[in-house]
Amino acid sequence: MKKAILAVSFGTTFLDTLEKNIAAIESDLAAAFPDRVLRRAFTSGMVIRRLKEQRGLDIDNVTQALERLRREGFSDVVVQATHVMNGDEYDKLRTLAAPFQSSFSRLVFGAPLLTSTRDYQETVAAMLDRLPEKTPGQAVVLMGHGTAHHANAVYAALEYVFRDAGRGDIAIGTVEGYPEFGEICRRLEEMGGIRRVVCMPLMVVAGDHAKNDLAGEEEDSWRSMLTARGYAVSCILEGLGENPAVRAIFVRHAREAAEA
């Protein structure tokens, strides 16, 4: 029986962060499943097009990857999403994969990063090993992507788990959802006495949003807007995929799917 594991990511056009994050997750998945052939797919058509046009790289989308596996005679496929939440991109993945359910003897899906309570707790524990220590006068701001999907509630839940871990100095905001930058500013004021802010992405890859919307030199970046409000701001541009303990959660999800 030919077995495969298909790692599905949103994708990124930044090759450095692709290697540090997406490729690192894929490498850990390949090591955890030596009996399975590892394949890659992206859910972002825009990213796939730009990588082809600008870098000459051919990346399969979900349909192409599953069709390729079917043609090559694979019968047991684990699809592991590297998405943060069960949101639009994961819904799209499941919709695209649905027609292939009968094409394989077994087609199963590993959950995104933040799915169960255990996931939240393990993600917080993993991130605390990489975040700055709690320091008087300093706050940590995490930027998530955000979405209109109801899964956007993961950000509030994750901040709550951080608070339960004793880290009330951490505020989570989003680029395209709630809480937005305005809510972040209010949270910093509510903390009281904050003079320094450390900004980090809450995303699998530290790509366009991290490098531009968070840490960019433009006046509308979070870094610039926080600086204009009088804070001393520093940025740590590290994607979640660079954290071995976060990658281990994706591996666990894949194993749970494979063994179900």
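The paragraphs below lead through the strands, the open and enclosed spaces, and the cysteines of this structure, which is a predicted model.

A convenient place to begin is strand β6, which spans residues 170–174 and is mostly covered, five of its five residues being buried. Following the side chains along β6, one finds I170, I172 and T174 pointing one way, while A171 and G173 point the other way, and all of these residues are buried. Strand β5, made up of residues 138–144, pairs with β6 in the parallel sense over five bridges, and within this pairing V140 has I170 of β6 as its bridge partner. The connection between the two strands involves helix α6, residues 154–164, and together β5, α6 and β6 make a right-handed β-α-β unit.

From the strands we may turn to the empty space in the model. Rolling a probe the size of a water molecule over the atoms shows where empty space is left. The largest pocket holds about 800 Å³ of space, and of the 30 residues that line this pocket, F10, G11, E89, H145 and H209 are the closest to its centre. Three helices, α2 (45–55), α4 (88–97) and α8 (208–214), each supply at least two residues of the lining of the largest pocket. Sorted by class, that lining has 13 nonpolar, twelve polar and five charged residues.

Besides this pocket, the structure holds one cavity of 30 Å³ or more. The largest cavity has a volume of about 70 Å³, and its lining is formed by M127, R130, L131, M200, P201, E238, G239, L240 and N243. By class, the residues lining the largest cavity divide into five nonpolar, two polar and two charged.

The cysteines remain to be considered. How many disulfides does the structure contain? The count comes to zero, where a disulfide would require a pair of cysteine sulfur atoms within 2.5 Å. C185 is in no disulfide, and the cysteine sulfur nearest to its own, that of C199, is 10 Å away. C185 is also buried, with a relative accessible area of 9%. C199, in turn, is in no disulfide either, since the nearest cysteine sulfur, that of C235, is 4.7 Å away, whereas a disulfide needs the two sulfur atoms to be within 2.5 Å. C199 is likewise buried, with a relative accessible area of 0%.

Key: Residues are numbered from 1 along each chain as its sequence is written. This is a predicted model: local features need pLDDT of at least 70, side-chain atom pairs count only at pLDDT 80 or more; totals for chains, interfaces and linings use all residues. Side-chain values use heavy atoms; hydrogens and water are left out. On a 1 Å grid over the protein atoms alone, a cavity is a set of points where a 1.4 Å probe fits but cannot get out, and a pocket is an open set with protein on both sides within 12 Å along at least five of seven lines; lining residues have an atom within 4 Å of a point. Grid points are joined across faces, edges and corners, and a volume is the space filled by probe spheres set on the points. Helices (H or I, at least four residues) and strands (E, at least two) are DSSP runs, numbered from the N terminus. Ala, Val, Leu, Ile, Met, Phe, Trp, Tyr, Cys and Pro count as nonpolar, Asp, Glu, Lys and Arg as charged, and the others, Gly among them, as polar. Buried means under 20% relative accessible area, exposed over 50%, partly exposed in between (1.4 Å probe, protein chains only). Two strands pair if DSSP finds at least two bridges between them. A crossover is right-handed if, with the strands pointing away from the viewer, the path from the first strand over the helix to the second runs clockwise.
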